[in-house]
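Hi everyone, thanks for coming. Today I'd like to walk you through one protein, so please have a look at it before I start talking.

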Amino acid sequence: MRQIKVRSGRAKFIFILTFLFILGFMWTGHSLIKGQYQPVDSSDKSIIDINIPAQSSAKQIARLLADHDLIHNEKVFLRYCSKTGYDNSLKAGHYQFSRSQSLQEIVQDIAMGRIVTVDFTIPEGYTIKEIGELLIDRGLCSKAEWQAAIDLQYDYDFLQYNSNLKYPLEGFLFPDTYKVSENTDAETIIKLMLNNFQKVWQESFATQVANEKIYEIITIASMIEKEASTASERPTISGVIANRLRIKMPLQIDATVIYALGEHKEVVYNVDLNVESPYNTYKYGGLPIGPIASPGQESIEAAINPEKHKYFYYVAKGDGSHHFSKTHDEHIRAKAKYID
């Protein structure tokens with residue numbers, strides 16, 4: 001009986017030892033696998049550019065990441081992608097990673113398409129020409145690509161296409177801050193801005209103005225945007241325009257002459273007022289043929305709701321504000337005071 005007990009105790013010891021060995025092996029294996037998910041170098045935050053070509057498979061992406069020492073193991077990357085369902089949703093594009101990112105973070109960035117983007121801001125009052133120059137300077141398109149894009153016809157109800165218009169898109173590329181991928185083409189950028197205009201109009205102005213009046217309102221708003229340096233004066237300048245239009249008095253707005261000339265001028269001379277253009281509100285009555293810039297929301301609001309007053313004239317005072325006059329004689333005296 002004593003011998004049987006010894007053998008039983010030895011078997012139990014061997015079983016426990018084997019169990020602990022297996023447990024240790026499993027723990028070591030788990031730790032090793034877990035380590036494969038960790039950053040390659042948590043202290044290395046330097047940026048590494050990765051360009052994933054279109055139609056790349058998960059296996060090809062794994063090889064690309066391994067070649068740049070961004071992941072520990074390609075097979076672990078593929079197993080993780082398969083397990084999480086990301087293997088069929090990895091997106092092409094230009095990415096920026098660092099070796100301080102974990103495998104999970106890198107996979108999620110690629111699956112979510114968090115590619116390198118470019119931010120740009122279109123200021124209020126910019127013209128089509130100025131918007132193009134800004135995008136060209138940012139490297140988003142070439143001059144030829146911009147010209148080709150603005151020459152296209154876009155299917156939006158608020159646009160008009162007339163051979164006498166300088167740029168049919170003028171006034172409707174909404175001033176705002178945009179974020180696009182580096183390879184976004186000019187046509188896509190234009191649609192982005194037109195969609196933004198449509199969204200802003202529907203959310204803020206559609207209940208105030210009938211659709212057939214959009215073009216007229218944006219034309220007026222564009223003149224307000226170019227004429228008003230002080231936000232508080234926008235409704236007042238809008239009121240001057242409304243008063244003149246009501247009695248069929250020429251608008252005589254310098255900004256329309258500058259637009260017709262196609263070049264920026266600090267001072268408009270008498271000879272400039274004779275420029276032959278349907279935008280010239282000194283030469284032709286009523287509104288110019290179309291907008292002369294991209295107005296912001298405040299100028300659109302002012303165009304829709306002009307201030308009610310009896311002013312028909314205004315002159316710049318030299319400090320960004322204007323002096324408003326009811327009569328021509330008062331206007332002449334104001335010009336003598338602030339200009340002559």
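I'll begin with the whole protein, then go through some charged pairs, and finish with a few single residues.

One thing up front: what you're looking at is a predicted model. Okay, the overall picture. How many helices and strands does the protein have? There are twelve helices and six strands. The protein has 340 residues, and 40% of them count as buried. As for the outside, the protein exposes about 19,600 Å². Carbon and sulfur atoms supply 52% of that exposed area.

Here's a number about how the chain comes together. Take the contacts between residues at least 6 apart in sequence: 63% of them join residues at least 24 apart.

Now, the charged pairs. Side chains of opposite charge can pair when their charged atoms come close. In this model we find 13 salt bridges, and I'd like to show you three of them.

Let's start with Asp-44 and Arg-99. Their side chains meet in a salt bridge, with 3.3 Å from N to O. Where do the two partners sit? Asp-44 is in the loop between α1 (2-36) and β1 (48-52), while Arg-99 is in the loop between β2 (93-97) and α4 (103-111). They are 55 residues apart, so here the pair links distant parts of the chain. Is Asp-44 buried or exposed? Asp-44 has a relative accessible area of 19%, so it counts as buried. The cut-off for buried is under 20%.

Next up, Arg-63 and Glu-74. In this salt bridge, the closest N and O atoms are 2.3 Å apart. This time both partners are in helices: Arg-63 is in α2 (residues 58-67) and Glu-74 is in α3 (residues 74-84), eleven residues apart. Arg-63 is partly exposed, at 43% relative accessible area. Glu-74 counts as partly exposed as well, with a value of 22%.

The third pair is Arg-234 with Glu-124, and their side chains meet in a salt bridge at 3.8 Å, N to O. Arg-234 lies in helix α9 (residues 234-246), and Glu-124 lies in the loop between β3 (117-121) and α5 (128-137), so this pair ties together parts that are 110 residues apart in sequence. Check the accessibility of the two ends. Arg-234 is buried, with a relative accessible area of 8%, whereas Glu-124 is partly exposed, with 44%. And these two have company: Glu-124, Glu-225, Arg-234 and Glu-298 are linked in a network of salt bridges.

Okay, enough charges. Let's look at two buried residues.

Ser-102 lies in the loop between β2 and α4. Its relative accessible area is 13%, so Ser-102 is buried. Which residues is Ser-102 in contact with, if we leave aside its neighbours within four places in sequence? They are Tyr-37, Gln-38 and Pro-39.

Leu-134 is the other one, and you'll find it in helix α5. Leu-134 is buried too, with a relative accessible area of 18%. Leaving out neighbours within four places in sequence, Leu-134 is in contact with Phe-120, Thr-121, Ile-122, Pro-123 and Tyr-126. Pick Ile-122 from that list: it is twelve residues from Leu-134 along the chain, and their C-alpha atoms are separated by 8.1 Å.

Now a quick word on backbone angles. Gln-55, in the loop between β1 and α2, has a phi near 70°, which is a positive value in a residue other than glycine. With a relative accessible area of 77%, Gln-55 is exposed. Gln-252 also has a positive phi, near 50°, and again this is a residue other than glycine. Gln-252 lies in the loop between α9 and α10, and it is partly exposed at 36% relative accessible area.

Last stop: the surface. Val-267, Tyr-269 and Val-271 make a nonpolar surface patch of about 310 Å². Find Val-271 in the loop between α10 (254-261) and α11 (297-304). Is Val-271 buried or exposed? Its relative accessibility is 63%, so Val-271 counts as exposed; the cut-off for that is over 50%.

That's my tour. Thanks for listening, and I'm happy to go back to any part of it.

Technical notes
Residues numbered from 1 in each chain as written. Predicted model: local features only at pLDDT ≥ 70, side-chain atom pairs only at ≥ 80, totals over all residues. Heavy atoms only, no water. Patch = residues over 30% accessible without salt bridge, like charges linked within 9 Å, V, L, I, M, F, W, Y side chains within 5 Å. Areas by Shrake-Rupley, 256 points an atom, 1.4 Å probe, with all protein chains shown as cover. Salt bridge = Lys/Arg side-chain N within 4 Å of Asp/Glu carboxyl O. Helix = DSSP H or I, 4+ residues; strand = E, 2+ residues; numbered from the N terminus. Buried < 20%, exposed > 50% of the residue type's maximum accessible area, 1.4 Å probe, protein only. Contact = heavy atoms within 4.5 Å.
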